[in-house]
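Student: I would like a close look at a single part of this model, namely one loop and the backbone within it. Please take me through it carefully, and then place it beside other local features of the backbone and the contact between the chains.

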Amino acid sequence: MTKHFLLAARLLVRDWRAGELKVLLLALLIAVASVTSTGLFTQRINRGMNDQAGQFLGADLLLKSPQLTDQSVINYAQRAGLGITKSISFSSVIVAHDEFQLTHIKAVDQHYPLLSQIKISAQLYGDERPVNYGPAAGEVWLAPRLFSLLNLKIGDKIELGETELQVAAVLKHDPGQASSFVTIAPHLLMNIQDVAKTAVIQPGSRVTYLTGFAGELKARKQFEKWLAPRLSGSQRLVGGTEGSQAVNSAMDKAGQYLSLASMLSVMLSGIAIAMTANRYGQRHFDQAALMRCMGASQKTIIRIFSMQLFILGVIGSLLGCLAGYLTQQGLMILLKDLLVTELPGAGVYPLISGFVAGFVTLSGFSLPALLRLKSVSPLRVLRNDIAPLTISSWFVYGLAVCSMVVLMWWQSGQLKLTLLVLAGVMVSVTMLFILSLLLIYLSRLILPGLSGPWKTGLLQIVRNQKSNQLQMLAFGLSLMILMIIFLIRTDLIHRWQDQLPDKAPNHFVINIQNDEVKAVQQFFAEHGIATEGLYPMVRGRIVKINNKDILDVAEDKTKLDESLKRELNLSWSKQIQANNKLLEGQWWSAADDGKAVISIEKGLARRLQVDIGDDLAFRIADQHISATIKSIRSVQWDSFQPNFYIIFPENVINEFPLSYISSFYLEPAKKKTLNQLIKNFPTLTVLEIDVIMQQVKSIMSQVTTAVEYVMLFVLFAGMMVLVAAMQSGMDERMNAAVVMRTLGAKKAFLRRSQFAEFSLLGLFAGVLAVSGTEIIAYLLYSKVFELYFELHLSLWIYGPLLSVCLILIISGFYMNKVIKQSPVKALRYA
Amino acid sequence: MVISVNNLTKQVPALDSSSGTMLDILKGVNLEIKPAETIAIVGASGSGKSTLLGLLAGLDQASSGEVILAGQSLNKMDEDGRAALRGEKVGFVFQSFQLLAGLTALENVMLPLELQSKSSARDDAVALLTRVGLAERLQHYPKQLSGGEQQRVAIARAFVTAPTILFADEPTGNLDKVTSKNIIDLLFEMNREKKTTLVIVTHDENLAQKCERCLLLENGVLNND
């Protein structure tokens, strides 16, 4: 075994020196570098996003429980090295100046917040300052609204249960606030040591015990894994990104895109590897025959070439991992100024994954070519025309397709996307093949009308139909993939920019009472604030599905959907909201006014397993109302506009206690207008999401860069296919050129005919690529990315033009050598 | 005997035949070759010379008849068995040299020894290349060598494993007259030095005349010239 290994290594070094392996190794390196760097980059962005989202929870993980958190959980977290903070959240009435106010209270310990900072100010409308501790014992910090509602000022005392606490600061921002988006009561922060003195928490009180954890990702994962099976039905562990639908939705698409781009670059590299390996195999038929003559058994031959493959795989994959790591690091340096926070480091998984991907790609795509070497007859040394047995195409393509599916699925974790891309590529290849036949047929028709170099060029294409068709397909396919990746990237980025324009709403205002609507609208108009409209909102809970109590419908009560455990915001509207899309059923007409029908968001419908025609019953303010699902909508959660799971027609729930919600954009310079708004309308709650918006924008910019950067890899991989395709037909072309020169063709004529041949080849490949692009883009846009599709007319001009230029550049590099050589020399070495 | 051939035939499907018609390339060839003997097989193009060589060297399988090479019947061996026998007992020189373009002269000569895992591969190859007059050309690639030099490398490679039998297929077919003479001389010198049996397929009368025996292959039948 060792002797064969050493021989394989020596032969490999000799092949490398002879220039046989460069394209193969480069293609492998690109595949691995693409997988590795994409993996590293997405992992770092994901981790960064989790960290940033953690800032909004005040911790990486938050355990919500109606009972005190078990000490064993605390002990385990401590042993895992996690930071821990305990707080209690409950609603209670506070009293000041004989006024009563229901308040959302959070009592925190000395470790709160583990992440991010609390923002307070010393005056009601004063400047805020960040602090990383909670109120001292005996003190409370109150939301601005409470000051207005209870006519309080700093230093006053409030009564909470059996104790009095001093108002020490205005609470401007509490990191935990974002997770309690549905909390409408104004917020109060107190010290956990004072809770017992208040005596407001009695057996049976509705209390949520919150335990926050923060620490290293590995420790968090370990803790989450340990805790998950121990959670009771009433406990919930909230992770970093939960609840941040806007971020998730954007990241989902970006993640899909990155997976797709990475998959395609691996696929392209695979094609390049297959083509170069095939050529490598063919060029080694003589060597294999000679080695058989010299006594090497079939087993020896296969062992030597497999070992070569193995060595090549190790070197290529290691270099690829290194290249992937370095480019990703380089990108981070370039992005330093762009990133809002420093991204956390990545783990080793992407490196391992890149390494394995290298091996799978190399084996899947080059093994068939190398296996043929085994069957080379030794008689080939006497008769050069004896080709080795061909291997079953089922085996060759089967192996390549299987390794591709495994790789793509593994890389993306998305079977649907994998199969869709694979099916798309297969359909495209078939379609491109048929189109190429058509183009060659047309060429035959126009040939008689041509003369000079164009005739010679086209004749070359028609005569070497098989090899030219292969090249056309390879060129066409790689160009098609490049175009698709470019198109989707452009559309995604535009979409994100459209979605988050400079003046996207960055504040929500809730709790606007019916009689305040006009005054609030007037306030906005006076201060030049454009709102996204005021939407009515009624709080209600789903209690029955198709007349069955939800507790009876759910097999496991502990696994009830979150939406069934809490009150939902219900709304009504005549028209469907601009950012909603009707998926099934019909939107209501004027005749439906007052009818008990609803439109439901598709995610909720899926989770509740309900469809058009099903009935949902709601409990709204102690009354029950039943309604039939008339339509299912998709909702663009990342639009930063008020969105609703359930919408009624007008005059169904209008009579219930309602409030209004709106969102609006406020310039940072106008931030003080908020104080005025709250002063004028003390019962309003303003949610400042400008920080979240900034986070989303920062993620978008990171992801956009990642998207552009992954495109580069696809481009490199595509170029490799072009080079490999060019190389694959090069021997034949060299021979033809040499014979023509020997027969008296002048250099200029040869140049012109080659220019004509490659221009035509490029044109054909370009037409094939654009046709394929339009079809695949249509499928991807409509089935995966949910983007609007329209024909890309400019592509029909630029695509073929680009194809011609690329092919002329690459072919020029190769053919120049032939043309410059003397015919005698060329004949000798051809 | 180093080689014994009994009633050897080779048939191949006729090119234009769709009904399974077979073409007879060799029709009952009988031949015996003694150790260290030099034999030339001559005949017109297409007479089956190279086919016979392929069968004698165990590169191909006969339709019927038997070939005994170095005491072992090739008929009873599978391809890997024949390969092992070739590695041990047989050397080849070809008309088109069959040097590997990516390997230097030295590496080409080392290859058969490396396949046998000989630790002295390098030294043996250097010695042989020096013997054929290419001591100064060890690191040259085939394309940097003339035709005659390439064939010298091929001869060095053929002798480096000290084979019992050397098969040469038109060894001067691609060379000019002067170079051919030098190559023929070298081949016979080596044959004498190493006591190797030499079986040459050739058109070259000069080369054929230098052999102890000359056999004519005509229409698949082997006759003494």
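Tutor: In this predicted model, Asn219(B) sits in the loop that runs between strand S9 (213-218) and strand S10 (221-224) of chain B. The backbone there deserves attention, since phi of Asn219(B) is near 50°, a positive value in a residue other than glycine. As for its surroundings, Asn219(B) has 13 other C-beta atoms within 10 Å and therefore counts as partly exposed, because that class lies between the limit of 12 or fewer for exposed residues and that of 20 or more for buried ones.

Gln98(B) also has a positive phi, of about 55°, although it is not a glycine. The loop that holds Gln98(B) lies between strand S6 (90-94) and helix H3 (105-115) of chain B, and with 23 C-beta neighbours inside 10 Å this residue counts as buried.

Turning to chain A, one finds a cis peptide bond between Tyr112(A) and Pro113(A), with omega about -10°; Pro113(A) is placed in the loop between strand S3 (99-108) and strand S4 (118-121) of that chain.

Finally, the contact between the chains takes 24 residues from chain A and 27 residues from chain B. On the side of chain A that touches chain B, helix H1 (2-17) and helix H8 (285-293) of chain A each supply at least two residues, and by class that side has 12 nonpolar, four polar and eight charged residues.

How values were computed:
Residues numbered from 1 in each chain as written. Chains lettered and ligands numbered in written order. Predicted model: local features only at pLDDT ≥ 70, side-chain atom pairs only at ≥ 80, totals over all residues. Contact = placed C-beta atoms within 7 Å. Helix = DSSP H or I, 4+ residues; strand = E, 2+ residues; numbered from the N terminus. Nonpolar A, V, L, I, M, F, W, Y, C, P; charged D, E, K, R; others polar.
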